[in-house]
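Student: Could you take one part of this model and look at it closely with me? I'd like to follow it step by step, and then see what else is worth finding.

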Amino acid sequence: MKHSTIAVSAALLAQGASAHYVFSRLVVNNTVSSDFQYIRDVAASPNGQPEIFGKGFPLYGLSNPELVCGRDAFPVRNPAISTATVLAGDDVGFHLTGPYSDDDGYQPTIFHTGPGQVFLSKLPDGMTNLNDYDGKGDFFKIAYAGVKDKENEWVLLGNLAMNFTIPPTTPPGKYLMRLEHWMADYRKGNSQWYVSCAHVEIKGKGGGTPSEFIRFPNAYSEEDPSIWFHDPNTGDFPKNANGDVDLSKYVAPKPDVWTG
Ligand SMILES: *[C@@H]1O[C@H](CO)[C@@H](O)[C@H](O)[C@H]1NC(C)=O
Ligand SMILES: *[C@@H]1O[C@H](CO)[C@@H](O)[C@H](O)[C@H]1NC(C)=O
Ligand SMILES: [Cu+2]
């Protein structure tokens with residue numbers, strides 16, 4: 001969805017502020033946590049939206065340092081953030097904020113057309129507190145939600161959360177767990193990013209060796225077909241015979257998911 005950078009918060013409220021969302025709640029042990037209980041708080045955009053809607057304003061640009069954990073997420077804005085204890089092999093998730101009591105109970109769902117991915121980065125040696133970690137180290141990918149098998153539809157579209165499994169052999173320890181969701185755009189350089197980082201301590205037998213590490217920002221190129229999703233002949237989204245966006249042409253980003 002196209003966002004105007006002109007701040008007209010009253011108008012946004014009147015529309016239900018539907019262009020905005022933030023993954024502020026961790027799903028753990030089948031319970032949805034409260035906002036920013038286990039997730040790093042983010043700043044509202046400087047464009048004048050009220051706090052809770054402003055936090056959901058997207059990030060732009062693949063070299064934006066805020067792509068690490070969200071807008072102004074480090075130094076940690078909510079230093080009383082808790083660390084969620086999670087068992088390797090369990091299902092967890094990143095859940096959207098809402099419903100908004102000051103906006104007729106409006107509950108956003110994931111509506112940006114694009115994938116979601118989740119990564120882990122181990123707390124560096126020598127640190128004991130996740131609050132001290134800037135997230136500039138190595139991440140490995142543990143989940144990807146792209147296009148539905150045999151259906152011309154995004155997996156996440158219409159959902160409240162991206163749920164996934166912590167790989168069963170993940171080495172135990174404290175991790176920054178980072179979600180990214182973006183709108184893949186046919187206009188180069190126009191992708192919108194939604195990023196959140198949770199503080200987790202993973203328990204379990206371990207034994208796995210994570211592989212294929214990347215760092216943020218600058219993990220991707222604007223030329224990457226998973227970011228710039230277009231048909232070079234038309235300059236538009238690839239289209240099928242019905243004139244719909246052809247998601248079978250979508251190429252998942254690198255690296256691969258480490259499944260443990
Ligand atoms: C994710 O898990 C939570 C908690 O179990 C559940 O409420 C939610 O419906 C799940 N969402 C999806 C899309 O599976
Ligand atoms: C989830 O359940 C496990 C026990 O099964 C417990 O050790 C852990 O603290 C719980 N995590 C949270 C965040 O409630
Ligand atoms: Cu948008």
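Tutor: Gladly! In this predicted model, let's begin where the backbone nitrogen of glutamate 66 lies 2.9 Å from a polar atom in the side chain of asparagine 64. Where does asparagine 64 sit in the chain? Its place is the loop that runs between helix H2 (51-54) and strand E3 (84-87). That loop is the part we will look at closely.

Is asparagine 64 buried or exposed? Its relative accessible area is 16%, and the cut-off for buried is under 20%, so asparagine 64 counts as buried. Now look for its partners from elsewhere in the chain. Once the neighbours within four places in sequence are set aside, asparagine 64 is in contact with Leu59 and Pro217.

Follow the loop on to cysteine 69. What is cysteine 69 joined to? A disulfide links cysteine 69 with cysteine 197, with 2.0 Å from S to S. Cysteine 69 belongs to our loop between H2 and E3, while cysteine 197 belongs to strand E9 (residues 192-203), so the pair ties together parts that are 128 residues apart in sequence. The angle about the S-S bond is -85 degrees, which goes with a left-handed link between cysteine 69 and cysteine 197. Both cysteine 69 and cysteine 197 are buried. If you search the whole structure for disulfides, you find 1.

Next along the loop comes a backbone detail. As background, most residues other than glycine have a negative phi, and most peptide bonds are trans. Aspartate 72, which lies in the loop between H2 and E3, has a positive phi of about 55 degrees although it is not a glycine. How open is aspartate 72 to its surroundings? With a relative accessible area of 42%, aspartate 72 is partly exposed, whereas asparagine 64 in this loop is buried.

Then look at the peptide bond that runs from phenylalanine 74 to proline 75: it is cis, with omega near 0 degrees. Proline 75 is also placed in the loop between H2 and E3.

With the loop in mind, you can look for comparable backbone details elsewhere. A cis peptide bond also leads from glycine 98 to proline 99, where omega is near -5 degrees. This proline 99 is found in the loop between E4 and E5. Glutamate 212 has phi near 60 degrees, a positive value in a residue other than glycine. Glutamate 212 lies in the loop between E9 and strand E10 (213-214), and with a relative accessible area of 39% it is partly exposed.

Strand E9, which holds cysteine 197, leads us to histidine 112. You will find histidine 112 in the loop between strand E4 (91-96) and strand E5 (116-122). Its relative accessible area is 1%, so histidine 112 is buried. Which side chains does histidine 112 make polar contacts with? One is the side chain of glutamine 192, at 3.2 Å, and another is the side chain of tyrosine 194, at 2.9 Å.

Finally, turn to the ligands. Strand E3, residues 84-87, stands at the end of our loop, and the residues around ligand 2 include Thr85 and Leu87, together with Val28, Asn29 and Tyr38. A nitrogen atom of ligand 2 lies 2.9 Å from a polar backbone atom of threonine 85, and an oxygen atom of ligand 2 lies 2.4 Å from a polar side-chain atom of asparagine 29. Taken alone, ligand 2 exposes 370 Å², of which the protein buries 51%. The shell around ligand 2 holds 3 nonpolar residues, 2 polar ones and no charged ones.

Ligand 1 has its own surroundings, made up of Val27, Asn30, Asn159, Ala161 and Asn163. Here an oxygen atom of ligand 1 is 2.4 Å from a polar side-chain atom of asparagine 163. On its own, ligand 1 exposes 360 Å², and the protein buries 55% of that. Its shell divides into 2 nonpolar and 3 polar residues, with no charged ones.

Technical notes:
Residues numbered from 1 in each chain as written. Chains lettered and ligands numbered in written order. Predicted model: local features only at pLDDT ≥ 70, side-chain atom pairs only at ≥ 80, totals over all residues. Heavy atoms only, no water. Helix = DSSP H or I, 4+ residues; strand = E, 2+ residues; numbered from the N terminus. Buried < 20%, exposed > 50% of the residue type's maximum accessible area, 1.4 Å probe, protein only. Polar contact = N/O pair within 3.5 Å; in protein donor to acceptor, adjacent residues only side chain to side chain. Contact = heavy atoms within 4.5 Å. Near = heavy atom within 4 Å. Areas by Shrake-Rupley, 256 points an atom, 1.4 Å probe, with all protein chains shown as cover. Nonpolar A, V, L, I, M, F, W, Y, C, P; charged D, E, K, R; others polar. Disulfide = S-S within 2.5 Å.
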